[in-house]
Each structure stands twice: as C-alpha cells, then as structure tokens.
Amino acid sequence: MDSRSFNDTVAIERMETSVYRFPTDAPESDGTLAWSSTTMVLVEVEAGGRRGLGFSYTAAAAAAVIRDMLEPLVVGGDAMEIPRIVASLFRAVRNVGQVGMAAHAISAVDVALWDLKARLLGLPLITLLGRARASVPIYGSGGFTSYSIERLQAQLGGWAEEGMPAVKMKIGRDPAEDPRRIRAAREAIGPDTQLFVDANGAFHPRQALDLAALLSAEGVTWFEEPVPSWDPEGLRFVRESAPAGVQIVAGEYSNTPQDHLRLLEAGAVDVLQADATRCGGLSGFLRAAALSEAWQLPISAHTAPSIHVHACCAAPGVVAPLEYFHDHVRIESRFFEGAPIPRRGRLEPDERAPGLGLRPRYRELEEFRIA
C-alpha cells in the first residue's frame with residue numbers, strides 16, 4: 001500500500017497523448033463496414049511519481065480534442081478528484097458536442113485518471129473500484145464477414161476448444177449467405193458452445209425478424225444490433241416478436257447515460273452493452289451498469305478487454321459475458337505487458353499490479369505511431 005491516502009491532494013503534472021495505427025492480420029468486415037487497420041489513441045497522465053494510462057479505439061482526430069480542449073483542464077487538477085475533472089471535460093466540449101469523438105476522447109482520459117489514482121494509492125484498479133465478483137466470463141468475438149468458411153470455422157472452433165463458453169460471428173454483409181455461414185459456425189463449435197451473431201445494424205426490423213427464426217433453429221441465443229441502435233423502436237419490435245431464447249443486444253455506440261436510458265426506456269434490449277472507451281470511461285461504464293441493474297437487465301462490455309475486466313468485476317447487478325474481440329486482443333496482448341489472459345473461459349483482474357496492471361512496450365509501439 002502506498003503512503004498516500006484518499007484525502008491527500010496530488011496535482012497532475014503532465015499529460016501525453018499519442019496515436020497508433022495497427023494493420024489487421026487480414027481484411028475485415030461486418031454487416032455495414034470494412035476495415036484493414038485499427039487506430040488507438042493513448043493517454044498518459046503523471047502525478048506524484050506515478051503514470052496512469054487510458055486509451056480508446058477511435059479516430060486519430062480525437063487526439064486533437066484531448067490536446068487542445070481537455071489537457072488544459074486536466075494538468076494541475078487533483079488526481080484524487082476524478083468526478084470533478086471529468087465533469088469539467090464534458091462542459092468544455094459543449095459547443096462541439098458531448099458525443100462521438102469528444103466522448104471517445106474523454107473516455108480515454110477518464111480511464112487514465114482511474115489508473116493513475118489506483119497507482120498513487122498502490123492498489124489494483126479493481127480494489128479501488130470495489131469488487132463485486134472475482135472474474136467475468138468472456139466470449140470469443142470475430143467471425144468477420146470477409147472470412148472464408150474455412151477461416152470462420154477455424155477461429156470459432158479454436159475458441160470453443162480453448163474452453164470459451166460462447167463465440168460471436170458477424171452477419172449482414174450478404175444476407176443470402178448468412179444461413180450457410182451460421183450453420184458452418186454451429187458445425188465448428190458443436191452443440192455445447194453458445195453461438196452469438198452481430199449484424200451491426202445491417203437489417204430493417206422485418207428482415208431481422210425473418211432471420212431470427214433461423215437463429216433460433218440453430219440455437220443462437222444472442223442477436224446483437226439487428227437494426228441500428230439509433231432505432232430503439234425497431235429494436236423493440238424485433239425483441240418483442242423474436243422467438244423465445246433469442247436475446248436482443250445493443251448499446252455499444254452509446255456515449256452518454258441518456259443514450260443507454262433511451263434503450264432501456266424503449267424496452268429495446270435484453271442485454272445492455274456499454275463501452276468504457278466510448279461512454280465516458282470507467283465512470284460512464286459504471287453509470288450504465290447501475291442503469292441496467294435498475295432495469296433488472298444484464299450489462300455486457302464491448303471490446304477492450306484489458307479495461308473492461310476491471311469494469312465488469314466492479315459492476316453491480318448481473319454481468320453478461322465480456323467481448324474478447326480479436327482485433328483488440330491482438331493489440332493489447334502484443335503492446336502491453338500485463339494484458340489479461342483467459343483461463344477456462346473467464347478473465348480476472350491482476351491483483352499483483354497497481355492500476356490496470358498494464359505497461360506499454362514503447363519500443364514496439366513506436367513502429368506504429370502516427371501522431
């Protein structure tokens with residue numbers, strides 16, 4: 001335990017922002033988008049001889065928001081007063097909008113502040129947040145629409161063999177081909193592994209409902225964003241009309257508590273998603289988790305497993321499996337020492353290290369730095 005206490009004032013002395021672009025290991029696509037690289041904005045804050053880090057998978061332009069609008073409000077602030085600092089950041093971006101890239105930028109800063117505070121106190125982040133559970137189940141996520149049937153089966157089947165209780169694939173790029181791909185996935189993982197699908201908002205409500213019958217027949221229990229999240233009424237239509245056992249899941253694009261609240265009030269989801277790299281950091285994730293608990297619905301974390309393992313283990317209420325996303329796992333395991341490693345289909349925070357437990361491999365990162 002560090003000699004500092006929660007009552008100490010510790011001024012933030014410095015803040016650095018850097019941007020990295022990592023190529024994917026193959027072309028990737030989902031129902032509505034195709035990509036060949038992933039961009040990460042990394043924020044590091046220093047105080048009292050400690051350095052905390054946070055990041056968001058977002059556009060490089062978010063770094064300009066951080067440097068120009070957020071950094072002046074962070075440096076000089078008290079590292080022990082995260083809510084005060086973060087509230088000032090949301091006020092600062094009022095005229096450019098508190099959603100989208102500004103929310104992603106604030107999210108990265110918020111995570112860095114929590115990591116810094118935990119390190120200053122000499123605590124694992126999960127201890128600072130307050131543990132609700134020791135570990136969280138995960139599901140392997142990939143199965144991109146750009147994959148051949150052979151690669152789809154190899155990836156999903158490999159995760160099933162590793163002991164993951166569930167796997168997820170992308171659909172919606174070619175609806176006529178989806179039934180064959182879904183059946184191939186089920187063949188690869190066997191009857192005992194749960195199969196999830198994610199349309200990334202590719203369908204109209206009645207299209208999604210037609211597909212839901214096939215999903216039920218193949219034992220699919222998780223239908224993520226069958227229609228876009230900006231259409232809560234469409235999500236509710238699918239949810240109310242889909243076969244029993246097919247859960248409707250959405251929320252990954254929410255940036256504010258109000259975004260999550262709209263999905264809940266509309267009765268649009270069976271499982272609420274939140275992404276700490278988009279919804280205001282760990283502070284925003286825990287607000288979303290409290291809302292889901294109030295609605296007696298599970299919360300699930302979207303991607304970025306190195307951050308979300310702490311968030312999910314601290315969340316109140318019921319926690320659905322955490323997304324162990326192929327792209328982010330590749331990045332976090334290669335470029336951060338201390339990235340969590342699955343054991344028997346679950347992740348748990350490292351209690352031996354302070355904060356998030358992550359240490360950047362700066363030498364390896366430098367090759368991919370773009371700003």
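**Notebook: strand β6 and three loop residues**

I began with the crossovers, and in this predicted model I found that β6, helix α7 (residues 205-217) and β7 form a right-handed β-α-β unit. Looking up the pairing within that unit, I noted that β6 and strand β7 (residues 220-224) run parallel and share four bridges, with V197 standing opposite F223 in β7.

I then turned to the other neighbour, strand β5 (residues 166-170), which is parallel to β6 and joined to it by five bridges; K170 has D198 as its bridge partner in β6. The chain passes from β5 through helix α6 (residues 178-189) to β6, and I recorded this β-α-β crossover as right-handed.

Is strand β6 enclosed or open? I entered it as largely enclosed by the rest of the structure, because four of the five residues of β6 (residues 194-198) are buried.

Next I checked backbone angles in the loops. Most residues other than glycine have a negative phi, and I looked up two residues with that in mind. Q296, in the loop between α10 (281-294) and β10 (299-301), has a positive phi near 55°, and I count Q296 as exposed because its relative accessibility is 72%, where exposed means over 50%. A304, in the loop between β10 and α11 (305-314), has a positive phi near 40°, but A304 counts as buried because its relative accessibility is 0%.

Last, I looked at T256, which lies in the loop between β8 (247-250) and α9 (257-265). T256 has a relative accessible area of 13% and is therefore buried, the cut-off being under 20%. Leaving aside neighbours within four places in sequence, I found T256 in contact with Q98 and V99.

Technical notes:
Residues are numbered from 1 along each chain as its sequence is written. This is a predicted model: local features need pLDDT of at least 70, side-chain atom pairs count only at pLDDT 80 or more; totals for chains, interfaces and linings use all residues. Side-chain values use heavy atoms; hydrogens and water are left out. Helices (H or I, at least four residues) and strands (E, at least two) are DSSP runs, numbered from the N terminus. Buried means under 20% relative accessible area, exposed over 50%, partly exposed in between (1.4 Å probe, protein chains only). Contact means heavy atoms within 4.5 Å. Two strands pair if DSSP finds at least two bridges between them. A crossover is right-handed if, with the strands pointing away from the viewer, the path from the first strand over the helix to the second runs clockwise.
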